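Hi there,

I'm handing a structure over to you today, and I hope you enjoy looking around it. Please open it first and keep it beside this email while you read.

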Amino acid sequence: MSRLSPQQKTAAQLAGVAAVMLSLSFAAVPFYDWFCRVTGYGGTTAVAAAAPDTVLDRTMTVRFDGSREAGMPWDFKPVVREMELKIGETGLAFYEAYNPTDRVVAGTASYNVSPDTAGGFFTKIDCFCFTQQVLQPGERVQMPVTFYVDPAIVNDREGKYVKHITLSYTFHETELPAEQAALDTPSDTDVN
């Protein structure tokens, strides 16, 4: 069996380090996403199938904010700016979107919660932000978000001092789904 020269060993070790670093770079995005969802880091909210069985007497004020990415043509705003609900109680809020253009526009909402310490305790059951939204020219819709504040917030070292939570959405224009884009494209027979 032939032995590797010191240069070949060094080259093999460097290739191994490069392979590990490349693997870690591909794993970084899913790991960061998982970390944010689990810890609420950066105001990332949790998701649940249903509200908890426990509803506390303590209340929380939830404020709603809506904005648009530059270039997004929709009008977008919360229907109600704030609501007060008991911790653990299911809340239902609506946001309104309006497409004032003469074309079909698709959008996706990104979201966060502030203060950041509340992110892991603000839990969505259902939300318009889970899917892409498509509005026809002149269409106005009200989109729901169903949520609750996890009762565990009252036992958290920092969360127990939170009295107000702000849920913010930013709508971004996205490409139309393939089937919608095909309907929106004029055919050769429409040109005549």
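**Charged pairs**

Let's start at Arg63, which counts as partly exposed because its relative accessibility is 33%. For this label, the value has to lie between the cut-offs of under 20% for buried and over 50% for exposed. Please keep in mind that this is a predicted model.

Which side chain does Arg63 meet in a salt bridge? The partner is Glu82, with a distance of 3.4 Å from N to O. Arg63 sits in strand 2 (residues 59-68) and Glu82 in strand 4 (residues 82-86), so this pair ties together parts of the chain that are 19 residues apart in sequence. Glu82 has a relative accessibility of 43%, so Glu82 is partly exposed too.

How many salt bridges does a search of the whole structure find? There are four, and two others are worth a visit.

One of them joins the side chains of Glu173 and Arg103, at 3.0 Å from N to O. This pair links distant parts of the chain, 70 residues apart: Glu173 belongs to strand 10 (residues 164-174), while Arg103 is in the loop between strand 5 (91-98) and strand 6 (105-114). Glu173 is partly exposed, at 31% relative accessible area, and Arg103 is partly exposed as well, at 35%.

The other is formed by Glu158 and Arg157, whose closest N and O atoms are 3.5 Å apart. Is each of these two exposed or partly exposed? Glu158, with 39% relative accessibility, is partly exposed, whereas Arg157 reaches 66% and therefore counts as exposed.

**The sheet**

Now find the open sheet of five strands, which has mixed pairing and the order 4-2-10-6-8. Strand 4 and strand 8 (133-135) are the edge strands, as each pairs on one side only. On average, neighbouring strands of this sheet are turned by 30° against each other, if direction is ignored.

Strand 10 lets you see what "mixed" means here. With strand 2, strand 10 pairs in the parallel sense, over eight bridges. Two places to look: the bridge partner of Thr61 in strand 10 is His164, and the partner of Asp65 there is Ser168. With strand 6, strand 10 pairs in the antiparallel sense, over nine bridges. Look too for Tyr111, which stands opposite Tyr169 in strand 10.

As you follow a strand, here is a rule of thumb to try out: in a regular strand, the side chains alternate between the two faces of the sheet.

**A nonpolar patch**

Which residues form a nonpolar patch on the surface? They are Val79, Val80, Leu92 and Phe94, and together they have about 320 Å² of accessible area. Val79 lies in the loop between strand 3 (75-78) and strand 4. With 43% relative accessibility, Val79 counts as partly exposed.

If you want a route through the model, go from Arg63 to Glu82 along their salt bridge, then cross the sheet in its order 4-2-10-6-8, and end at the patch that includes Val79 and Phe94.

Have fun exploring, and write back with any questions!

Best wishes

Note on methods. Residues are numbered from 1 along each chain as its sequence is written. This is a predicted model: local features need pLDDT of at least 70, side-chain atom pairs count only at pLDDT 80 or more; totals for chains, interfaces and linings use all residues. Side-chain values use heavy atoms; hydrogens and water are left out. Helices (H or I, at least four residues) and strands (E, at least two) are DSSP runs, numbered from the N terminus. Buried means under 20% relative accessible area, exposed over 50%, partly exposed in between (1.4 Å probe, protein chains only). Two strands pair if DSSP finds at least two bridges between them. Axes are lines fitted to C-alpha atoms, for helices over the stretch in contact, and angles run from 0 to 180 degrees between N-to-C directions. Patches are made of residues with over 30% relative accessible area and no salt bridge: like charges are joined within 9 Å, nonpolar side chains (Val, Leu, Ile, Met, Phe, Trp, Tyr) within 5 Å. Accessible areas come from the Shrake-Rupley method with a 1.4 Å probe; for residues, only the protein chains shown count as cover.
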